[in-house]
Amino acid sequence: MSEMGQVERLLAARFAQPGERGRIVLWRDATHEYADDVESMVGEGSANPALRDVTLLTLANDPFTVRYRMFGDGDARSHKFLVYMPQPEPALADDWLLDLELAYGPVFSADKLTMIATEILPDAPADVKATWLEVMRRHPDFFKNAQRVDRLAAQLTNRDTEQDFMAKMVAVLLGLKDGNHRLQDIWARLLTQYAAGKDDGIAQIERFGLGDFHWSGTRQIYHFELDRSAGPGATPTVKDFVLWLYRLAWNDFMPEGSQSHGGPNERDDAAAYANIKRDWGMWHSDITMRGTLRTLSEGVSQTLGMARVVQGMEVHDLAQRDVYEDLDEALIGKLLHELEGGSISDDAVRDIVAERRRGEKLWPGDERLRQGYDYVTAASALQATLRNCTKLLDTMESPSQGMELYASELYKADQAYRHYVMARKQAESFDAPGLDRMMQGAYAAYQSALGAAWQQHVDTLAAWHFDGVDAQAGFFDREVAPRLESGKKLIVIISDALRYEVAQELAQRMEEENRYTTSLGMQYSVLPSYTQLGMAALLPHKQLALDPERDGYYYALVDGKSATGTENRSRILGAVNGKAVKAQDVLSMTGDEAKELFKSCDVLYVYHNTIDSTGDETASEGNTFEACGNAVRELIALVKKLASGNATNFIVTADHGFLYQDAPFDATQSQTQWLSEKPQGEALYQTKNRFCIGRNLAPARALTTFTTQQLGLANPASDGIMVQVPNAHKQLRSGGQLKRYVHGGAALPEIVVPVLHINKGRSAAGDARDVAFDILQRTDRLSSRQLTVEFYQKEPVGGKVRPRTVLAGLWGSTASGDKLITNETPVAFDMTGEQPSLRHTTATLMLTSEADRFNGSTVELHLRQVASGSSTPIPLEQKALYRLELPMLDDNAGFFD
């Protein structure tokens, strides 16, 4: 019932009294609360039928006129009258209607606040309403606005205490929805407003007299204290709270100046701020608060001069802290400096960066900081990988074993270098020229050592053949023909210059996809390791030869037919009911078109060219590694497009690999990288940076020489066609300049060619999944305000096993639902170690004041995980039960909960 309806109901009850007492009602309204509404309450237009025969008399300065209307005017005594008196109660000597007030009393009074208290929750017990009414009378201005009253009414329950009622008043002033009135929600809104340069919320709280209540609750629940410099009696502000909050967070929510870390009082000190620590964690896990927290951090950092503070800290100390972006910037810079000085191990770097990425440590969504830590990780990984690979060079025992060693371990140096270069380019704001010079030099030195070690084995070859290693020239007979003979269709994707290490990354990415499985092998390429000959070698053939009729033996023949271009390759494949197409044509097809293409043949060769087309051009060779990343993405898209056309079996391979140095050659390298000798012979048909084709070439110490017969090519021996490649990684003076991207020679990164099998399964058995873990519960009793929970990650992360981060917290059960009674801390399961002992982690939970109401009962450890693409945590099945047996209750329990 509305407020007016309640007044009308009470008036009707007075007029319903028997006899003369039910004929006249005197109503005093000294504050004029109902002056605008009283006329509509009685008379013919009244909503209440019992009041439609009542006449309104409004007292002005005419008490005798009012008397006459009720008693002396004809048949007045047969009518009912409402005497509305909008004046304060007069002194007895001046009250000309006193006798009527006594005769027809008591004088009617409609207390608006009482009406509202009844209106907003009619079923509330009388004692609850009385409590509310006391609050309302202390804050009457709040209830002068009907919309505020309606919003408050929507949040109230008949169990609300005085504190609940006032907290919900604050929530209404702040525009909080869905019944959110906890201090956590209130401060989240105030912090958001403050970060935006607004003070509307706190101003409203103060305006309606709720400031003392708000700050009292903040002190009681959060143990907030004004800085001593504020002086006694100072009124706190939101800025005071922000500065206090960030100082406390900087100190890991221990009392400022506390010496209790690791000491006997650590738990007590930490428990004092358990509530604010919990809410701080909740704010950080709320993606809608990220912008607010970033803005606040920047402001506090500037106010407190944190940029100067963090510069004076050591790496170990910085790694233990968070809160400020200045800290992460300083930490990244110092880590880069220590890497340059060689004073930090890769394990230490990995541990620090992994911790920064977990939970609150790394600012969520800060792409620049993420790139900075990627740069640190990549630089450290390159250092460690180069050290390990350099040691392995001494284990190279034969040509075949050298190739196997590259495919199992040594490729990692090339991959780590590529990742380093890309990370450095992306982290432009973290400039470390000294480190980069050192890393570029270290990689160049490693390549030189690798080239020298490998050349020793190349020099032992009587022919271009490696025992026990698959040859590229045998690819079709070995990989394709058996599948066709068994009636299986096949897709062969040939990506120009897809180096082995890039294919390994492609395999890893495909393994992470649902229903896809991969197997990566390798084969050695033809020599020279360049596109025309490598592409020809992958086609069905009996013989390969260099074409004497076109461009000086540069192009290749397959059984006497040209293998240059998609059309010629498609004709050759036609003999086995195959076709050749370009990758860009497939990617532009619809699903139905891809399906028809796949149906039209038994084997489909798809030619992809992103890496080589970029690296081969001087203007774009500096983007070679960007092209590698693009190639991986394009190849994944290509496989998926063809899979949508019902293809299930794929082989991804390449014509050759490449050598690449990202840094331009300096003056010294320009002298040392050129080969000291030039090819000599009867004729030089092709002289490229990494190979030469000629007739009867003269042997030279700096060159490795093969006849076409030694290379397995069908050119007649009488033609005297020979191939020479520079030893190690040197380049021929081909009339041009040194190139950063080259191929054609016999270096391992050029000739170890990937053979990647990809299968698309038809069931969900091979789907990617989150890593599994267990809770290792060491006790079922909790008698202190801190609990450390141990977890065990049951398997390493990698491939189809994805990392995951869950939120861990203790919850108590109530009639209205579960209540979080600790901080909810993120636990990252992202460990890659094979040893089980390396896959343990812990989470420390601090009981808040809400926990005290559950003392003596069982509480539960709940785990929640935020679903991909959502900000809503989803409960997990794993739980653990604990009997809560605290020695005493906290007097903060129940406030603002």
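Select Tyr 553 to begin: this residue is buried, with a relative accessible area of 6%, where buried means under 20% relative accessible area, exposed over 50%, and partly exposed in between, for a 1.4 Å probe and protein chains only. The model on screen is a predicted one, in which local features need pLDDT of at least 70 and side-chain atom pairs count only at pLDDT 80 or more, while totals for chains, interfaces and linings use all residues. Residues are numbered from 1 along each chain as its sequence is written, and side-chain values use heavy atoms, with hydrogens and water left out.

Staying with Tyr 553, check its backbone torsions: phi is positive, at about 65°, although the residue is not a glycine. Its place is in the loop between strand E6 (544-546) and strand E7 (556-558); helices (H or I, at least four residues) and strands (E, at least two) are DSSP runs, numbered from the N terminus.

Move next to Asp 559, in the loop between E7 and strand E8 (561-562). Here too a residue that is not a glycine has a positive phi, of about 50°, but Asp 559 counts as partly exposed, at 37% relative accessibility.

A further aspartate to select is Asp 585, which lies in helix H27 (residues 583-587) and is partly exposed, with a relative accessible area of 41%. If you draw a distance from its C-alpha atom to that of Val 606, which is 21 residues away along the chain, the separation is 9.4 Å.

Two proline sites come next. Pro 106 sits in the loop between helix H4 (98-103) and helix H5 (112-120), and the peptide bond that leads into it from Gly 105 is cis, with omega near 0°. Pro 528 belongs to the loop between strand E5 (516-524) and helix H25 (531-537), and the bond from Leu 527 to Pro 528 is likewise cis, with omega near 0°.

Now select strand E22 (residues 786-793), which is mostly covered, since six of its eight residues are buried. Strand E20 (residues 773-776) runs antiparallel to E22 and is joined to it by four bridges, two strands being counted as paired if DSSP finds at least two bridges between them. Within this pairing, Phe 773 stands opposite Gln 793 in E22. E22 also pairs with strand E27 (residues 840-846), again in the antiparallel sense, over seven bridges; to locate that pairing, show Phe 791 together with its bridge partner in E27, Thr 841.

Finally, zoom out to the whole chain, which contains 32 helices and 29 strands. Its C-alpha trace spans about 145 × 65 × 50 Å along the principal axes. The radius of gyration is 41 Å, whereas a compact globule of 897 residues would have one near 29 Å; the radius is taken over C-alpha atoms, and the globule rule is 2.2 Å times the number of residues to the power 0.38. Of the 897 residues, 52% count as buried. Among contacts (heavy atoms within 4.5 Å) between residues at least 6 apart in sequence, 72% join residues at least 24 apart.

For a last view, colour by charge: the chain has 94 positive and 123 negative side chains, and the centres of the two sets lie 3 Å apart. In this count Lys and Arg are positive and Asp and Glu negative, with His and the chain ends not counted, and the place of a charge is taken as NZ of Lys, CZ of Arg, CG of Asp or CD of Glu.
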